[in-house]
Amino acid sequence: MFLEIIREEQPEHHPLYWDTIYRLVLQGQADHVRRLLSLHSSKHSKAFSSMDELLKKMPQHTQLFRGHSIAEFDMKWRHWRDECERRLEEGEFSSYGNLETIGKVM
């Protein structure tokens, strides 16, 4: 679905655009989510920039294979999750319901 959507002239209008993003978030595929969000017409808004930053910071399980300990990964994950929660509570995504949903999932 990801590949089909990015080939669209206006990806954000694809009927499965947001559903695909939600699924990718649940799978931890932050780079794919960032790519889809970068194709949205509101990509330069503060809310989209904030979400992109969070997705960029998302700890990846592949870090465990690059010498990071489980404890270190867990600490990074908790810190990242707290930042997601803080931004959500501060209403950074409130003007975009779909971004707010992503924030709640994260």
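This briefing walks through a few side-chain pairings in the structure above. Keep in mind that the model is a predicted one. Two spots get our attention: the histidine H40, which sits in a loop, and a network of salt bridges that links E53, K57, E83, R86, R87 and E90. As a bit of background, side chains of opposite charge can pair when their charged atoms come close.

**H40 and its surroundings**

- Let's start with the address: H40 is found in the loop that runs between α3 (30–37) and α4 (46–57).
- Is H40 buried or exposed? Its relative accessible area is 10%, and because anything under 20% counts as buried, H40 is buried.
- Who does H40 touch, once you skip residues up to four places away in sequence? The list is E12, Y17, W18 and F48.
- One of those residues, E12, also has a polar contact with H40: their side chains are joined at 3.4 Å.

**Salt bridges between α4 and α5**

- How many salt bridges are there? The count comes to 9, and here we look at R87 with E53, E83 with K57, and R86 with E90.
- In the pairing of R87 with E53, the side chains meet N to O at 2.9 Å.
- R87 belongs to helix α5 (residues 70–89) and E53 to helix α4, so this pair ties together parts that lie 34 residues apart in sequence.
- E83 and K57 make a salt bridge too, with 3.0 Å between their closest N and O atoms.
- Here E83 is in helix α5 and K57 is in helix α4, so the pair ties together parts that are 26 residues apart in sequence.

**Buried or partly exposed?**

- R87 has a relative accessible area of 6%, so R87 is buried, while its partner E53 is partly exposed at 34%.
- You'll see a similar split in the other α4–α5 pair: E83 counts as buried at 11% relative accessibility, whereas K57 is partly exposed with 40%.

**The rest of the network**

- R86 forms a salt bridge with E90, and the closest N and O atoms are 3.2 Å apart.
- R86 itself is partly exposed, with a relative accessible area of 37%.
- Which residues are linked in the network of salt bridges? They are E53, K57, E83, R86, R87 and E90, so if you're following along in the 3D view, those are the side chains to pick out.

Methods
Residues are numbered from 1 along each chain as its sequence is written. This is a predicted model: local features need pLDDT of at least 70, side-chain atom pairs count only at pLDDT 80 or more; totals for chains, interfaces and linings use all residues. Side-chain values use heavy atoms; hydrogens and water are left out. Helices (H or I, at least four residues) and strands (E, at least two) are DSSP runs, numbered from the N terminus. Buried means under 20% relative accessible area, exposed over 50%, partly exposed in between (1.4 Å probe, protein chains only). A polar contact is a pair of N or O atoms within 3.5 Å; within protein, one must be able to donate a hydrogen and the other to accept it, and residues adjacent in sequence count only if both atoms are side-chain atoms. Contact means heavy atoms within 4.5 Å. A salt bridge is a side-chain nitrogen of Lys or Arg within 4 Å of a carboxyl oxygen of Asp or Glu.
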